[in-house]
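The following exercises are to be worked through with the sequence and the structure at hand. Each task is followed by a solution in steps.

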Amino acid sequence: MPVKKMSVKNKIQLVLLLMGVSVFMLPPEALAGNRGCTAKECHAGIMDIVPADLPMMTLIRQNGMRHGDMDGCVVCHGGNPGVRRKEKAHKGIPASLKTAPGPKGFYPDPGNVWIAQNTCGACHAGYVYRTKRSLMNTEAGKIRGNLTTWGIKPDPGTALGNHDVDDDDGPVPLGTTPAYETYMADMKQNHPGQFPGRLNRLPAPSVQDVETDPKLAAYTYLRQECQRCHIGVKGRNIRGDHRGTGCSACHMPYGNEGLYQGRDKSISKTEPGHILRHRIAGNRKTGGIPVETCNTCHNRGKRIGVSFSGLMESPFSGPFNLSGEPQPLLHGKTYTQVSEDLHHRYQSREGNPEGGLLCQDCHTSMDIHGDGNIQGTTLAQVEIECSDCHGTPDQYPWELPLGHGDEFGRPAGKEPRGTAANRLMSGQQFGFDYPPSDGYILSARGNPLGNVVRKGNRVMVHSATGRDYFVPVLKNQGSPWKTPAAAVAMAKVSRHMDRMECYACHGAWAPQCYGCHVKVDYSKGPRTDWVAVSNQLKSGHESGKASPVQDVGITTPGRITEQNGYMRWEDPVLGINGEGRISPLIPGCQVVYSVIGKGGKTIVHNRAPENPAEGKSIGQDHIPLALDMAPVQPHTASPAARSCESCHTRPKTLGLGINQGLFKTVRENDRVIDIRDSVSGAPLPSAARVQFPGIENLTFDWSKIVDKDGIQVATVGTHWPLSRAFNKEELGRITRTGLCIGCHQHQGTPDIWKKISTDPALDTRGHTRLMEKMLKQFSQKNQL
């Protein structure tokens, strides 16, 4: 619950008292003879972790003085600042710290999630508990989705994560409003499977188990490939994949090259794998968290980080640089430029400054750290909706009820949500207190957005970059609308706003990596097991016996090879997401797998699993394949929306496949490309080889999820019961609407529309008569 706002001085005094530290400390000059860690021969020149004039730095220094360290390094890193030899200084802690809150050893990375309760958590109460149970650490949603696409039916009573973890404090969220608590209690009652009370560690089947049941190779795939982006482990130490663990994964930025550029002479400036500088990123006092930091992980799966930046991976590496070399690999791949999200590069207008927003400017603490409960998917954890800031054409954000845009099949509330007078905070949190103006804007689930405020009938976002932006509020945009098409789409056709996500139209593009060919070869390997690496760090740090160096030598048998089918970015498919709204869909895990046993024999070749549960959930007899077309918020917003025709007249958009699914449909049988007998069609060369191996069961294009009769042929989403393709009735209505665009595109042009509109609205017969009348008038005018 929000608490009464405290002064900075009172915050410092409260935290010091909780730590058992007297507020009346010696001034820094009293200890000037003992420089501790920053002595000339050690870490001289290192940057303060936050600017020296901030209360957080004052607290760190004052607490450090209690333990003989005027710079306060010991408060976060532990160690013994009273000795000069590195071997001794980096072992143990001062006696005064053994019984006080704080480090219990030496921590090169104090943000490591497995010891952060002794470091970051000493001041930022509750954050470590929440973060350990957040999706950034558990990756529960990714695991469940991937297993489904391999044909493994998740046990309803057993949820899996990277580590064993329990929701120790029960179902009530931490640090939220009563409205949020009530909202989430209802969510958990309706969708208990998305809010497990416990996660079990991801299993590690033996090679013998896999050879008996080949689909279990999914666990090898997860452990070697998919699970390397959680905050329990560091990055792979390649370009674009350098990061710390836990809190440091986000709050201690690394450059793409992983090179240090501070003034601490003890840290190499040529060895990759180091922070950019010794400075926390978090808010406009310290500098916000760079988008590129988020991209370190968010470049796979739904790829929302790199998409936000305007990048899509590509098999091509042009253009060449001045030396004739192709572009360097980033995150282990090459990219092409498409277009960045309008929030990423905000153009100067309406009095706003030039420059973009950061991910953290929209995403809340609950979105990132979680709320202390265990969430099974992204939709369970993320609390924000576009309308929280932009409103709707007829309602300001504060006039909307809680739950708007976040319905999950339930009606939203009726009462206006209003605004909040206080932000979410505690006496031990050192965020940036923005003035509330006319009230803090509330999220769809009832928490105040501490950096978004109402100013009259306008909304302002205070960015962690230091810039402030007025948000385009829809209710203020429509007098008049800038284009007739906008008037029709957003104001005249109410079903658009009632049933569609904003990004169904305003998502300019989405990365579409169709087909995921996976080979798991147990005659080769082994390779790093990222789940095992993380669990070794966890058990070691928690027992106080861990090495500070991440051991990537912990392996699991097998070697993974991945290939895709083809890639697109334009006109993503549309379907229904877990909230029950029309949303873009992109290929999730469209897995076709092959497994080679320990002896080199192929056990399974190009298997595309089925998903019986999907067919049952949508009430059809046909069993769809497990190839997943996943609902997504693509993070590619553009002020110019998709055209009406791009949805109402294009088969691909409707899920019927590119060009009605006519391409790439010959997939079940092997195909040989060579000289053939003109009569029999048989290949003439005896050495002819198969060019395209067949894929069992795959008789349609990767981009197709439904046929013209509304039979769903592939999986749409793997978590929520409402996610699906359009059904037959919806396909008919949407395509029929395509015929109507010729007239109804003028619905937003009053001079034209008032001459032909009627009250009440025309039925089908009335439309027919009107069309006949218009045709006769046209023929008479042109003497046809």
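**Exercise 1. A hairpin**

Which residue in β18 is the bridge partner of I596? Describe the hairpin to which this pair belongs.

Solution. The model is a predicted one.
Step 1. I596 has T602 as its bridge partner in β18.
Step 2. Strand β17 covers residues 591-596 and strand β18 covers residues 602-607; the two pair in the antiparallel sense over three bridges.
Step 3. Five residues lie between the strands of this hairpin, and G600 takes a positive phi near 90°.

**Exercise 2. An open sheet**

State the strand order of the open sheet of four strands, and identify its edges.

Solution.
Step 1. The order is β15-β16-β19-β22, and the pairing is mixed.
Step 2. The edges are formed by β15 (573-576) and β22 (714-715); each has a single partner strand, so one side of each is left without a neighbour in the sheet.
Step 3. Strand β19 (residues 625-631) and β22 run parallel and are joined by two bridges. In β22, A714 is the bridge partner of L625.

**Exercise 3. Cysteines**

Determine how many disulfides the model contains, and explain the result for C247 and C362.

Solution.
Step 1. A disulfide is a covalent bond between the sulfur atoms of two cysteines. The cut-off applied here is a pair of cysteine sulfur atoms within 2.5 Å.
Step 2. For C247, the closest cysteine sulfur belongs to C120 at 3.7 Å, which is too far for a bond.
Step 3. For C362, the closest cysteine sulfur is that of C389, at 6.4 Å, and this is also too far for a bond.
Step 4. By this rule, the count is zero disulfides.
Step 5. As to accessibility, C247 is partly exposed with a relative accessible area of 23%. C362 is partly exposed as well, at 39%.

**Exercise 4. Two loop residues**

Are R410 and G507 buried or exposed? Give the surroundings of each.

Solution.
Step 1. R410 lies in the loop between α18 (387-390) and β6 (419-420). R410 counts as buried because its relative accessibility is 17%, the limit for this class being under 20%.
Step 2. Leaving aside neighbours within four places in sequence, R410 is in contact with Y183, D186, M187 and N190. With D186 there is a polar contact, side chain to side chain, at 2.5 Å.
Step 3. G507 belongs to the loop between α22 (502-506) and β11 (512-521). At 3% relative accessibility, G507 also counts as buried.
Step 4. G507 and Q633 are separated by 126 residues in sequence, yet their C-alpha atoms are 7.8 Å apart in space. With neighbours within four places in sequence set aside, the contacts of G507 are P634, T636 and R642.

**Exercise 5. The chain as a whole**

How many helices and strands does the protein chain have, and what cavity does the structure hold?

Solution.
Step 1. The protein chain has 29 helices and 22 strands. Of its 784 residues, 48% count as buried.
Step 2. Among contacts in the protein chain with a separation of 6 or more, 67% are made by residues 24 or more positions apart.
Step 3. There is one cavity of 30 Å³ or more. The largest cavity has a volume of about 110 Å³.
Step 4. The residues lining the largest cavity include E385, C386, H404, M497, C502 and R581.

How values were computed: Residues are numbered from 1 along each chain as its sequence is written. This is a predicted model: local features need pLDDT of at least 70, side-chain atom pairs count only at pLDDT 80 or more; totals for chains, interfaces and linings use all residues. Side-chain values use heavy atoms; hydrogens and water are left out. Two strands pair if DSSP finds at least two bridges between them. Buried means under 20% relative accessible area, exposed over 50%, partly exposed in between (1.4 Å probe, protein chains only). A polar contact is a pair of N or O atoms within 3.5 Å; within protein, one must be able to donate a hydrogen and the other to accept it, and residues adjacent in sequence count only if both atoms are side-chain atoms. Contact means heavy atoms within 4.5 Å. On a 1 Å grid over the protein atoms alone, a cavity is a set of points where a 1.4 Å probe fits but cannot get out, and a pocket is an open set with protein on both sides within 12 Å along at least five of seven lines; lining residues have an atom within 4 Å of a point. Grid points are joined across faces, edges and corners, and a volume is the space filled by probe spheres set on the points.
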